[in-house]
Amino acid sequence: MRRVPWSLVILRAAAAFALATGLVVGGLSDRRVLALFVIAFVSDYFDGVIARAYGVATRRLRQADSLVDTLFYLTLAAVTYRLHPDVIRRHAAAIGICLGTLVAWMLLDLLRWRAAAGFHALSAKLFAAALGVWAVALYGFGVDGPWLVVACAAGTLSHVEGIAISFTLRRHVADVPSLAHALRLRRHPAGR
């Protein structure tokens, strides 16, 4: 069971690769995208649950998890641009703000920690849930609605909190649930 979290991260990377391959060679349908999304979403949930239960939630695992999540969702954005360009165009401003804050956070983490942070804050879980609602609505039912804007707002909030956590911490720590936790860690670094 200790290797299962890594296997789930690899499974999610494989789902991203399958999306990217489908993007290049064609053959993607809403049904296939939804199936790959469900695989990625479920594996993302359980890799953390299992890692914490077996005490193997290492910094490396959490960073790989965050990196693969980002890769999967960026690939999903490219696939959505191919399959539903009208959806991307309609929500371009929200997507641009969300991606801009992601890039700013990634650059900060590369400079500050020399790696992806892997904080896995509660706001990131909210972002993932909002993306889940959007993906199921669009790829499962063909409904656009406000869901992508809601997901982008949650993503922007998550990225801004990640930036704030990065600036707050004195040393890198994986699994920081919120900015409030980061502030506590800054005041009491030994009391983790």
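The following legends accompany several views of a predicted model of one protein chain.

**Figure 1. Overall fold of the predicted chain, built from eight helices and zero strands.** From the N terminus on, the order of elements reads α-α-α-α-α-α-α-α. Along the principal axes, the C-alpha atoms occupy a box of roughly 50 × 40 × 25 Å. The radius of gyration is 17 Å, which agrees with the value near 16 Å expected of a compact globule with 192 residues. Contacts between residues 24 or more positions apart make up 77% of those with a separation of 6 or more.

**Figure 2. The largest nonpolar core of the chain, comprising 29 residues.** The residues with the most contacts inside this core are Leu-19, Val-33, Phe-72, Leu-76, Val-79, Trp-134 and Tyr-139. Two or more core residues come from each of α1 (4-25), α2 (30-53), α3 (59-83), α4 (85-90), α5 (92-113), α6 (122-141) and α7 (147-168). Helix α6 supplies the largest share, with seven residues.

**Figure 3. Close-up of Phe-72, one of the residues with the most contacts inside the largest nonpolar core.** Residues up to four places away in sequence are left out of the contact list that follows. Phe-72 touches Arg-12, Ala-15, Ala-16 and Leu-19, and it also touches Leu-36, Phe-37 and Ala-40.

**Figure 4. A further nonpolar core, of 13 residues, lying apart from the largest one.** Among the members of this other core are Trp-105, Phe-119, Ile-165 and Val-173.

**Figure 5. Close-up of Thr-156 in helix α7.** Thr-156 counts as buried because its relative accessibility, 16%, falls under the 20% cut-off. When residues up to four places away in sequence are not counted, Thr-156 touches Ile-97, Cys-98 and Thr-101.

**Figure 6. Surface and charges of the chain, which exposes about 10100 Å².** Carbon and sulfur atoms supply 70% of this exposed area. Of the 192 residues, 46% count as buried. The chain carries 21 positive and 10 negative charges. The mean position of the positive charges and that of the negative charges are 9 Å apart.

Conventions
Residues numbered from 1 in each chain as written. Predicted model: local features only at pLDDT ≥ 70, side-chain atom pairs only at ≥ 80, totals over all residues. Heavy atoms only, no water. Core = buried A, V, L, I, M, F, W, Y, C linked by side-chain atoms within 4.5 Å. Buried < 20%, exposed > 50% of the residue type's maximum accessible area, 1.4 Å probe, protein only. Helix = DSSP H or I, 4+ residues; strand = E, 2+ residues; numbered from the N terminus. Contact = heavy atoms within 4.5 Å. Rg over C-alpha atoms; globule rule 2.2 N^0.38 Å. Areas by Shrake-Rupley, 256 points an atom, 1.4 Å probe, with all protein chains shown as cover. Lys, Arg positive; Asp, Glu negative; His and termini not counted. Charge placed at Lys NZ, Arg CZ, Asp CG, Glu CD.
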